[in-house]
Every structure is written in C-alpha cells, then in structure tokens.
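Dear colleague,

Please find below the structure that I am handing over to you. My notes on what was found in it follow directly after.

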Amino acid sequence: MISVEEAKKLIKESVLPLAVKEVDVVDALGYFLSESIIAPISIPSFNQSAMDGYAFCFEEVNQPLTIVEEVAAGDVREVAVEKGNAVRIFTGAKVPSGYDTVVMQELTEVSTNQLTVKDQGLKKGGNIRLKASQIKKGDIGLEKGTKITAAGVGFISALGYTKVKVYESPRVAIIATGDELVKPGNELKEGQIFESNTFMLQAALNKLMITPTISVVEDNQKETQQAIAHAIQNNEMVLLSGGISVGDYDFVKESLENLGVEDVFYKIKQKPGKPLFFGKTNSCYVFGLPGNPAAALSCFYQYAYPAINLMKGNLAPFLPKINLSITKQLKKKEGRAVFYKGHTDFKSVTLLEAQGSDMLKSFAIANCFIYIQAEKTVINENELVEVHLLP
Ligand code: AMP
Ligand code: MG
C-alpha cells in the first residue's frame, strides 16, 4: 500500500496532456492553452482617450483654447494640431498626435468654441491610455497552460485572433458495477439500493465540461470485462465504480488484469477509498473507484480530477489548498491519511457530521476536504489544517 503523497506523485508523473486542437476563440472557454499567445498588435494600438472631454497640449492648460475639431471613437482621420487649439474628444477615440492630455468634460467651461480647463489636479498625460500600455506587440499575452476564462476569450479576441490552440478534453466513460443497483425512478425491492454514483460522477464531470458515457453492469466477470474492454477502446479515461475490493463479487481488478491494463497503483493508506486502483493502457487511464459513494467522490476529486486536469494541460491539477484553523478538536487513528468533509467560510474550517464513506448527506453541503496526514492522531481546536477546496 502506498501513501497519498506517493499516489499523487504517480498521477503527476504518469498522466500526459492530450493532443492539441485548434478551436474558435469563443469555444475555448474552460480549455488550457497549448502554446503561449503572442500579441500581434499593441493594446491600445494608438494613444486613446479614456474620457469624454477635450484633448489639448498640457503647456497651454492655463490659457483659453479654441475648440476646432471633434474626434469620436473609430475616427481614423489625422487631425492637425496647432498652438492654442483643442479638440472635442470621446472615450476610445484616437488622441491626435501632438496633443498630450485630455480633460474630462465635467471639469471644463465651454462658451461657443472657447475652452477653459478647470481641473486643478490634471497632470500632463492625464486621461490618455498610452499606446501599448496594456500589452506591447510581440510580448506574451497569455502563457501556455493558462485556463481560458470569459475574460481570456475577450482578451484573445481583442488581440485579433479568431482561433486558438488548446489541449483536447478527454472522452470519459463511467461504468458502475453492482447487482444491488436500481435506477432511480424504478421500484426498489428490499435489499436493493438506488444507483447514484454514475449521476454523481456525471455531475462532477459536467462541471469540467465533459459529458461522459454511462453504463451499469451486473456483478459477473464476463459482463464487467466486456464493458471495460469497450470503454477503454473508445475513451481516454474510464471511471469504474465498485467491485474493486476483495469480495467474492468484485470482478473489476481481475478484468483489468485480463485486459492488460498496467497497474500504476492499487490501494492507498487513506480513508475513505483505501482500495482505489489507477492504471493505464496506451491510450486510456483507468480508475477503479470504490463503490461507497462518499469514497468514490473523494477519490474522484483527489485523483481522477487532477488526472483529467493534467490531460487538459492544466499545470495546477490538484484541488486548491489553503491552511485554516479548525473550529473543534479532531482525533483519528494513526496509519491512514483522512479526507474529511468540511465546510469553510475561508476564515476557519468546520468538520461536518456523518463522515462515513457510504454517506453523502454531509458531502452534499461540504465545500472542502480537511486533509489530515497518516501519522497525525490529535488535531487541537484552532490548529491549522490543510483544506482542499471543492470546485
Ligand atoms: P463495492 O465497492 O462494490 O463493494 O460497493 C461498496 C458499497 O457501495 C456497497 O454498499 C454498494 O451497494 C455501494 N455502491 C456500489 N456502487 C454503487 C453505486 N453505483 N451507487 C450507489 N452505491 C453504490
Ligand atoms: Mg459491488
């Protein structure tokens, strides 16, 4: 059995980014750049007025000026500049070369075409966005590995690009195993349970903009192996739920061996999710998640989620970590690291009730894990603990 730290190191070492594809900038939301974006132009590409007002020469700030012209946003004319003159200008318009300052219209006095500047605090260069003040032509606009946000889509578009190169997103299959599983909406007989892991994992994947394919198989060797074989052929990731322990009806491990899935690790010194399996083929990564729902989701966020991030080219694949003080003393056994369900207001963190690996009640209102290392046994009230924020 390996430690949590070793397992995470193995994930980081074995998961490679997928192929690169070119997409329309607007469709790149949520993807990660496979190469840095270089600015083909400066922004602004000309000295630009930041206000509706008047452009003039600052050395003439104390004298009345004659308003001779009007320049609006998008105006591409060259406007001649002469001593004693000013131009009416609007936000976003090109400041005629020769003028060095803009005064906002609220701080002026205008009678017919005579301008008096009334802005005491105005300095030379005021209210002008200088050419290249945001980015200079040829500089890096966004680094490789940056996640594209709505603002990123805007910025890349502002640079004039229509397409962008990003890493592909994996195709993911979920296979749940278990004779006891009944699809919600059907009648539940005593001894059966409603199948929930596929819906839960689907929801977690949807948040990563992945729509998985889903199947549920019975606890028999042949059906399990066939389903896995098919999923491995058609996906870059397979998430198995259940059947990975050592019970007489657990056929996942055996099927994976028969199919030649290379074992990267099996079993981690952790709670929940001790029997987690991670393996790979040439073209697919496979997680054997525990069947217990809270254990399955904990393992998903701690290991499968970072693996997906690595495939997508995310250079910071794991859940974001912060250290916060815990609101109550916590005791645990030595030997296994524990991922507790917690709730944080970002000032401190509180352990939730009902931590069982079969229980989703508390997980459903959690917004973080509290991670306690294997060797720790007592954490005192107000002690700092490692908190992993849920997406
Ligand atoms: P297993 O890992 O197959 O031994 O399952 C462990 C526990 O998780 C059992 O109580 C199962 O009934 C439950 N379980 C397994 N798969 C699912 C599922 N897809 N949805 C909800 N619970 C499940
Ligand atoms: Mg089972």
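Which residues form a negative surface patch? In this predicted model, the patch is made up of E5, E6, E334 and E375. The last of these, E375, sits in the loop that runs between β26 (368-372) and β27 (378-379). E375 counts as exposed because its relative accessibility is 52%, and the cut-off for that class is over 50%.

As to the overall layout, the chain is divided into four parts: domain 1 (4-17 + 169-311), domain 2 (20-43 + 134-167), domain 3 (48-129) and domain 4 (321-389). Between the C-alpha centres of domain 2 and domain 3 there is a distance of 34 Å.

I turn next to the charged pairs. Side chains of opposite charge can pair when their charged atoms come close. The structure holds 13 salt bridges, and several of them are described here.

One of these joins K9 and E13, whose closest N and O atoms are 3.4 Å apart. Both residues belong to helix α1 (residues 4-14), where a spacing of 4 residues, about one turn of the helix, separates them. K9 and E13 are both exposed.

A further salt bridge is formed by E78 and K94, with 2.8 Å between the closest N and O atoms. This pair links distant parts of the chain, 16 residues apart: E78 is in the loop between β5 (65-71) and β6 (85-89), while K94 is in the loop between β6 and β7 (101-104). Are the two partners buried or exposed? E78 counts as exposed because its relative accessibility is 57%, whereas K94, at 26%, counts as partly exposed.

In a third case, the side chains of E383 and K376 meet in a salt bridge, at 2.8 Å from N to O. E383 has a relative accessible area of 23% and is therefore partly exposed. K376 is likewise classed as partly exposed, its relative accessibility being 32%.

Finally, which residues are linked in a network of salt bridges? The network consists of E59, E60 and K83.

When you open the model, you may wish to begin with the patch of E5, E6, E334 and E375 and then to look at the pair of K9 and E13 in helix α1.

With kind regards

Definitions and conventions
Residues numbered from 1 in each chain as written. Chains lettered and ligands numbered in written order. Predicted model: local features only at pLDDT ≥ 70, side-chain atom pairs only at ≥ 80, totals over all residues. Heavy atoms only, no water. Domains from an automatic or database assignment. Patch = residues over 30% accessible without salt bridge, like charges linked within 9 Å, V, L, I, M, F, W, Y side chains within 5 Å. Areas by Shrake-Rupley, 256 points an atom, 1.4 Å probe, with all protein chains shown as cover. Salt bridge = Lys/Arg side-chain N within 4 Å of Asp/Glu carboxyl O. Lys, Arg positive; Asp, Glu negative; His and termini not counted. Charge placed at Lys NZ, Arg CZ, Asp CG, Glu CD. Helix = DSSP H or I, 4+ residues; strand = E, 2+ residues; numbered from the N terminus. Buried < 20%, exposed > 50% of the residue type's maximum accessible area, 1.4 Å probe, protein only.
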